[in-house]
Amino acid sequence: MELQGEADIPAPLEEVWNALQDPDVLKECIDGCQEMSRSTTTDYVAKIRAHVGPVRANFSANIRMVDVVELSGYTLEVSATGGAAGFGKGVAHISLQEEESSTKLSYEVSGIVGGKLAQIGSRLINGVTNKMAAQFFEKFVDRWTANE
Amino acid sequence: MYSFNYHRAQSIDEARDMYSSGQDPVYLAGGMTLIPSIKQRLSSPNEVIDLGAIDSMKGTLTSGTSIRIGGLTTHSEVASTSTIAALAALAGGIGDPQVRNRGTIGGSIANNDPAADYPAALVGLGATVFTNDRSIPADDFFTGMFETSLADGEIVTSVEFPMPTRAAYVKFPNPASRYAIVGVMVAETGGEVRVAVTGAGPYAFRMTEMESALSSNFAPSAVADTRVDHSDFNVDLHASSEYRAHLVRTMAQRAVAQIA
């Protein structure tokens, strides 16, 4: 599974940087996220209820931030287990760049999915991850545009 | 399987009541997607509401200008009774005999699997979906991968297809499941040409560039060089997005060749 893209966020770099690390903001923006908390400065744990067609699965995820370069970028190492549904592991590189009146966020994700999800759902995984990323950035951008 | 409560609704109203009073409810039509999902423990509803006893949602009604198919009509019944030959052929090519004898048109379109055949028929033939409280044009019905404009608890009661002047559906099936890796419906109805594609993207869509090319020249060569944007196409071990784009052109040419 591979995924990459860009999002233009209408807010100053520092605000975007802080929001991206705020568990409450993340919880609000990730579709189906029921819990998100920070266990150390670089570790997060999350519970996400994923819903694709007839499939509903609850995932618990551990997320670790590594290679953090203040106000510029970092890498996320994610591992998630979904009980009978299977598991997933992935790495996401996030980088931020200041623009005139906004912040450009670029991301590159690669990962693998295993278990039943991968067996029967391999043809769907790219579509699902694309959609989840799009929903995340839509809600994330909304945080600034909705207030105006 | 996890345990769940099984209900057998006798009418659409009763099914709606059961749905709205239940916790985590789900409708069961033919069960060709839901039952495997439950058996795999990928889905665990509390209330399963079987629609199978609602006879008013079964069968086809043909008039001179259209054909109306009840939501619970099986693929085999559509294959043997549809007076639109392309629709009969499409239904007869879904899955295997077991799936065709159980699976229903309403269940298939409400599920909106990206590789299902029926969405291409609805969009390509310009069908109208009737639910328990409204009608929805096919163009507005399919909204995303496994997503439709159906509200929570809404039931597809029937689908109405206008009689086309000519129509053909050609798919490149997955050799094991018979799901469409790419399927293309080409139809001319009331002077309007439509080209609908399933399997390639997150949900069925129209190829407007092919439609206008075919409107001026209804020949396979008219769509042979159409540029197909594959940036959001599906990718899996069976086919890359580039290959799917190629299949869209090839299946479209084959469909046009059948009826040109």
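Helices (H or I, at least four residues) and strands (E, at least two) are DSSP runs, numbered from the N terminus. This is a predicted model: local features need pLDDT of at least 70, side-chain atom pairs count only at pLDDT 80 or more, and totals for chains, interfaces and linings use all residues. Residues are numbered from 1 along each chain as its sequence is written, while chains are lettered from A and ligands numbered from 1 in the order in which they are written.

**Exercise 1. Two positive phi values**

Locate B:Phe146 and B:Arg41, and state whether each is buried or exposed.

Step 1. Take B:Phe146. This residue lies in the loop between β8 and β9 (147-148) of chain B. Its phi is positive, about 60°, although it is not a glycine.

Step 2. Apply the burial rule. A residue is buried if 20 or more other C-beta atoms lie within 10 Å of its own, exposed if 12 or fewer, and partly exposed in between; C-beta atoms are placed from the backbone. B:Phe146 has 24 other C-beta atoms within 10 Å, so it is buried.

Step 3. Take B:Arg41. Its loop runs between α2 (34-39) and β3 (47-50) of chain B. Phi is positive here too, about 65°, and B:Arg41 is not a glycine. With 14 other C-beta atoms within 10 Å, B:Arg41 is partly exposed.

**Exercise 2. The sheet of chain A**

Work out the strand order of the sheet in chain A, then find which helices pack on it.

Step 1. Fix the pairing rule. Two strands pair if DSSP finds at least two bridges between them. In general, strands of a sheet pair through backbone hydrogen bonds, either parallel or antiparallel.

Step 2. Read the order. In chain A, 7 strands form an open sheet, β1-β7-β6-β5-β4-β3-β2, with antiparallel pairing. The edge strands are β1 (2-9) and β2 (33-38) of chain A, each pairing on one side only. From one strand to the next, the twist averages 20°.

Step 3. Check two pairs. β3 (residues 43-52) and β4 (residues 55-69) of chain A run antiparallel and are joined by 10 bridges. There, A:Asp43 has A:Arg64 in β4(A) as its bridge partner. β2(A) and β3(A) are also antiparallel, over 5 bridges. A:Cys33 stands opposite A:Ile48 in β3(A). A hairpin of 4 residues joins β2(A) to β3(A).

Step 4. Add the helices. Two residues are in contact if their C-beta atoms, placed from the backbone, lie within 7 Å. Axes are lines fitted to C-alpha atoms, for helices over the stretch in contact, and angles run from 0 to 180 degrees between N-to-C directions. Helix α1 (residues 13-20) of chain A packs on the sheet and touches β1, β6 (87-98) and β7 (103-114) of chain A. Its direction makes about 165° with that of β6(A). Helix α4 (residues 125-145) of chain A packs on the sheet as well, touching β1, β3 and β7 of chain A. The direction of α4(A) makes about 15° with that of β1(A).

**Exercise 3. Domains 2 and 3 of chain B**

Describe the side of domain 2 of chain B that touches domain 3 of chain B, by element and by class.

Step 1. Set the bounds, which come from an automatic or database domain assignment. Chain B is divided into domain 1 (5-50), domain 2 (56-162) and domain 3 (166-259).

Step 2. Count the contacts. 24 residues of domain 2 of chain B are in contact with 25 residues of domain 3 of chain B.

Step 3. List the elements. Those giving two or more residues to this side of domain 2 are α4 (85-92), α7 and β8 (142-144) of chain B. The largest share, 6 residues, comes from α7(B).

Step 4. Sort by class. Ala, Val, Leu, Ile, Met, Phe, Trp, Tyr, Cys and Pro count as nonpolar, Asp, Glu, Lys and Arg as charged, and the others, Gly among them, as polar. This side of domain 2 has 16 nonpolar, 6 polar and 2 charged residues.

**Exercise 4. Two helices of chain B**

Find which residues of α4(B) are buried, and why α7(B) is largely enclosed.

Step 1. In α4(B), B:Ala86, B:Leu87, B:Leu90 and B:Ala91 are buried. They cover an arc of only 130° around the axis (taken from the directions from the helix axis to the C-beta atoms), which puts them on the same side of α4(B).

Step 2. The buried residues of α4(B) pack against several elements of chain B, including α7 and β10 (156-162).

Step 3. Turn to α7 (residues 118-125) of chain B. Here 8 of the 8 residues are buried, so the helix is largely enclosed by the rest of the structure. B:Gly126 follows α7(B), with a positive phi near 65°.
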